[in-house]
Amino acid sequence: MAVGNNAAARWRAIEDLHELVSSTVRAPAEVSPEIVQSFQVDGVVLVREAFPDWVEPLRAGLQRNLETPEAFAFPCDSVGDDEEGRFFDSYCNWQLIPEYLDFVLTSQAAAIAAQLMKSTTAQLFHDHAFVKERGTAKATPWHHDLPYYCVDGTQTVSIYVALDRTPIETGVRFLKGSHHNGDVYRPRDFASGAEYDNEDRSLVPVPDVDPDAANIFVSVLNPGDAVCFDFRTLHGTTSAKIENRRRAFSTRWLGDNVRYLERQGETSPPLNDLGLQSGDVMRSDLFPVLWPSSLD
Ligand SMILES: O=C(O)CCC(=O)C(=O)O
């Protein structure tokens with residue numbers, strides 16, 4: 001299998017999002033003050049059994065994403081022919097996969113995102129699906145997500161929903177508190193580990209992280225559990241071999257203080273034609289504000 005990004009479908013498939021957003025209702029959710037506090041302090045928190053009813057629909061959507069990657073947006077394989085297993089990911093498919101669309105428009109994800117970010121609004125940035133097949137021993141390189149993205153701000157969250165039981169050994173590990181250390185790390189390619197081309201000299205190399213250190217968060221995950229983390233929180237995995245398929249579906253959310261940022265290099269997703277300048281609010285016709293549930 002060739003590694004890297006493959007040919008893909010256009011992600012902007014829905015002409016009038018406003019109509020869709022205003023005619024649907026997101027489920028409410030009550031996140032405890034302790035969970036919000038852990039998220040704010042550690043930059044990562046586990047919400048157990050957050051989405052049990054969404055496991056089957058999301059698996060079904062992801063299966064099509066995996067079987068016909070070219071029919072969807074930005075598919076990528078990070079394991080080459082000379083390595084065992086498959087590490088697949090694909091993002092910006094919520095307009096193309098009905099189960100993903102249903103999740104973003106009706107699940108409690110938007111409500112959870114707003115509370116964790118302590119934001120009055122939750123704006124959907126994109127979705128991101130991950131699959132590591134049995135036999136895969138490819139580590140997810142340590143990185144944080146913010147410098148991959150054309151946004152900046154401190155109110156962000158990814159809601160990563162486990163779709164399989166995931167043991168500690170192969171779970172994503174997070175360096176607690178790293179969202180507050182002020183550094184922004186050079187993005188790296190998942191397949192090769194090489195740094196992206198970037199003119200921004202303020203970006204620094206990702207430090208070595210001890211995956212077993214005391215300040216690492218990692219947990220056994222059951223299907224429907226959600227790990228929620230700030231775009232600035234460092235995370236990665238070891239190269240422990242995947243014994244059973246590990247799938248996850250993530251949605252990325254922006255809060256009140258997030259703005260467009262023109263990066264000085266490649267971004268992922270490569271959203272290069274938004275017609276925005278640094279400091280602009282992200283376009284709600286492309287990145288819908290889903291919380292509060294109705295703004296009308
Ligand atoms: O599932 C993984 O191994 C990687 C997840 C990740 O890097 C992310 O959600 O940003």
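## Worked exercises on a predicted model

In α4, the buried residues are E99, Y100, F103, V104 and L105. Here, buried means that 20 or more other C-beta atoms lie within 10 Å of a residue's own, exposed means 12 or fewer, and partly exposed is in between, with C-beta atoms placed from the backbone. Helices (H or I, at least four residues) and strands (E, at least two) are DSSP runs, numbered from the N terminus.

Before you start: residues are numbered from 1 along each chain as its sequence is written. This is a predicted model, where local features need pLDDT of at least 70, side-chain atom pairs count only at pLDDT 80 or more, and totals for chains, interfaces and linings use all residues.

**Exercise 1.** Find what covers the buried residues of α4.

*Solution.* Start from the buried set, Y100 and F103 among them. Then look for the elements lying over these residues: the cover includes the helices α1 (17-22), α3 and α5, plus the strands β5, β12 and β14.

**Exercise 2.** Work out how β7 (156-162) is enclosed and which strands pair with β7.

*Solution.*
1. Check burial: 7 of the 7 residues of β7 are buried, so the strand is largely enclosed by the rest of the structure.
2. Sort the side chains. In a regular strand they alternate between the two faces of the sheet. In β7, T156, S158, Y160 and A162 point one way, while V157, I159 and V161 point the other way.
3. Look for pairing, which takes at least two DSSP bridges between two strands. β7 pairs with β12 in the antiparallel sense over 7 bridges, and with β10 (residues 226-229), again antiparallel, over 4 bridges.
4. Zoom in on V161: F249 stands opposite in β12, and A226 is the bridge partner in β10.

**Exercise 3.** Track down the largest nonpolar core and its best-connected residues.

*Solution.*
1. Set the rule: a nonpolar core is a set of buried Ala, Val, Leu, Ile, Met, Phe, Trp, Tyr and Cys residues joined through C-beta atoms within 7 Å.
2. Apply the rule: the largest core has 74 residues, and those with the most contacts inside it are A113, I159, V161, A226, V227, C228 and W253. Helix α5 (residues 109-117) gives the most to this core, with 8 residues.
3. Take C228 as a test case. Contact means C-beta atoms, placed from the backbone, within 7 Å. Skipping neighbours within four places in sequence, C228 touches F39, V45, V47, L116, V157, S158 and I159.

**Exercise 4.** List the shell around the ligand and sort it by residue class.

*Solution.*
1. Collect residues whose C-beta atom, placed from the backbone, lies within 6 Å of the molecule. You get H128, F130, T140, D145, S158, Y160, V172, H235, T237, A248 and S250.
2. See where they come from: β5 (122-132), β7 and β12 (246-254) each supply at least two shell residues.
3. Sort them. Ala, Val, Leu, Ile, Met, Phe, Trp, Tyr, Cys and Pro count as nonpolar, Asp, Glu, Lys and Arg as charged, and the others, Gly among them, as polar. The shell divides into 4 nonpolar, 6 polar and 1 charged.

**Exercise 5.** Pick out the unusual backbone spots at E49, C92, P269 and P292.

*Solution.*
1. Most residues other than glycine have a negative phi, and most peptide bonds are trans.
2. E49 has a positive phi of about 50°; E49 sits in the loop between β2 (44-47) and α3 (55-67) and is exposed, with 10 C-beta neighbours inside 10 Å.
3. C92 has a positive phi of about 65°, but C92 is buried, with 23 other C-beta atoms within 10 Å.
4. Cis peptide bonds join S268 to P269, with omega about 5°, and W291 to P292, with omega about 0°.

How values were computed. Two residues are in contact if their C-beta atoms, placed from the backbone, lie within 7 Å.
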